[in-house]
Amino acid sequence: MRKWLVSSAAVISLFSSISMASAADTVAGSVYNPTSNIVGNGVHSSGPSMSTMEAKSYSSSGRGFANDWTAYDSGGTGFNTWEVEYGYNTLFINEDFIHGYHNQKAHTVKLTNNNGSGSYSDSSKGGSWSRVDVRHSGNFVYYNFNF
């Protein structure tokens with residue numbers, strides 16, 4: 001029985017030190033509140049936090065629409081990686097496009113053409129591509145990727 005108590009205390013101490021304790025766990029009179037990231041004695045913890053939304057914006061500035069072009073961007077590490085490709089092609093029709101991927105987060109791609117009056121978007125869950133492919137219009141195109 002004594003061995004179990006020592007093990008339980010060590011486990012509770014471990015969970016408290018990595019801020020994973022639940023509201024019911026107590027250590028030395030302190031209770032961790034996961035909704036406020038405050039330990040019961042008023043000390044802020046580095047517990048779980050809300051993930052923030054990121055936005056990447058691009059444009060056709062300086063590229064023109066006389067020839068096909070594609071641009072790429074990517075980032076993140078490990079289990080939090082993303083990539084986006086966007087551009088203009090003439091394979092079947094004169095087409096503006098943006099394709100976005102995030103391996104974990106839901107994400108949205110948005111394309112605005114026709115000098116700002118045409119707006120198109122697509123959303124996907126993590127691990128899937130979101131895609132917008134539309135007929136080219138206007139002299140300037142904006143591309144957005146949000147995750």
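## A tour from Glu54 to His136

Begin by selecting Glu54 and displaying its surroundings: once residues up to four places away in sequence are set aside, Glu54 touches Phe145, Asn146 and Phe147. The model in the viewer is a predicted one, and the whole tour should be read with that in mind. Glu54 sits in the loop that runs between strand E3 (38-39) and strand E4 (55-59). To see how distant stretches of sequence meet here, draw a line between the C-alpha atoms of Glu54 and Phe145, which are 91 residues apart along the chain yet separated by 8.3 Å.

Keep Glu54 on screen and add Lys56, since the two residues form a salt bridge whose closest N and O atoms are 4.0 Å apart. Are these partners buried, exposed or in between? Both belong to the intermediate class: Lys56 is partly exposed because its relative accessible area is 25%, a value in the range from 20% to 50%, and Glu54 counts as partly exposed at 32% relative accessibility.

**The second salt bridge**

The structure holds two salt bridges, so the remaining one is worth selecting before moving on to the sheet. Go to Arg131 and Asp133, where the closest N and O atoms of the salt bridge are 3.8 Å apart. Arg131 counts as partly exposed at 45% relative accessibility, and Asp133 also counts as partly exposed, at 34%. Side chains of opposite charge can pair when their charged atoms come close.

**The sheet that contains E4**

Switch to a cartoon view for the next stop. The chain has one helix and 11 strands, and along the sequence the pattern begins with the helix, after which the strands follow. Colour E4, E11, E8 and E9, which form an open four-strand sheet in that order with antiparallel pairing. The edges of this sheet are E4 and strand E9 (118-124), each of which pairs on one side only. Looking across the sheet, the twist from one strand to the next averages 15°.

Now zoom in on the pairing of E4 with strand E11 (residues 142-146), which is antiparallel and extends over five bridges. Which residue of E11 stands opposite Tyr58? Select Tyr143, and the two tyrosines can be viewed together as facing positions of the paired strands.

**The largest nonpolar core**

Tyr143 also leads to the next stop, as it is one of the residues with the most contacts inside the largest nonpolar core, alongside Trp69, Tyr86, Ile98 and Leu111. This core has 17 residues. Two or more of its residues come from each of strand E5 (69-77), E6, strand E8 (107-113), strand E10 (129-135) and E11, and E6 gives the most, with four residues.

Centre the view on Trp69 and show everything around it. Beyond the residues up to four places away in sequence, Trp69 touches Ser60, Arg63, Gly64, Tyr86, Gly87, Tyr88, Phe97 and Tyr143. Over the whole chain of 147 residues, 30% count as buried; and of the contacts between residues at least 6 apart in sequence, 45% join residues at least 24 apart.

**Asn89 in strand E6**

Follow strand E6 (residues 80-89) to Asn89, which lies in it. Why does this residue count as buried? Its relative accessibility is 18%, and the class of buried residues takes in values under 20%, so Asn89 falls inside that limit. Show its side chain, and then find the backbone nitrogen of Leu91, which lies 3.5 Å from a polar side-chain atom of Asn89. With neighbours within four places in sequence left aside, Asn89 is in contact with Asp68, Asn94, Glu95 and Phe97.

**His136, the last stop**

Finally, select His136 in the loop between E10 and E11. At 19% relative accessibility, His136 counts as buried, because the limit for that class is set at under 20%. Which side chain does His136 meet in a polar contact? Display Asp96: the side chains of the two residues are joined by a polar contact of 2.7 Å. The wider surroundings of His136, again leaving out residues up to four places away in sequence, consist of Phe65, Tyr88, Asn94, Glu95, Asp96, Asn113 and Val141. Several names here recall earlier stops: Tyr88 is among the residues that Trp69 touches, while Asn94 and Glu95 are among the contacts of Asn89.

Technical notes:
Residues numbered from 1 in each chain as written. Predicted model: local features only at pLDDT ≥ 70, side-chain atom pairs only at ≥ 80, totals over all residues. Heavy atoms only, no water. Contact = heavy atoms within 4.5 Å. Pairing = 2+ DSSP bridges. Axes fitted to C-alpha atoms, helices over the stretch in contact; angles between N-to-C directions. Buried < 20%, exposed > 50% of the residue type's maximum accessible area, 1.4 Å probe, protein only. Polar contact = N/O pair within 3.5 Å; in protein donor to acceptor, adjacent residues only side chain to side chain. Core = buried A, V, L, I, M, F, W, Y, C linked by side-chain atoms within 4.5 Å. Salt bridge = Lys/Arg side-chain N within 4 Å of Asp/Glu carboxyl O.
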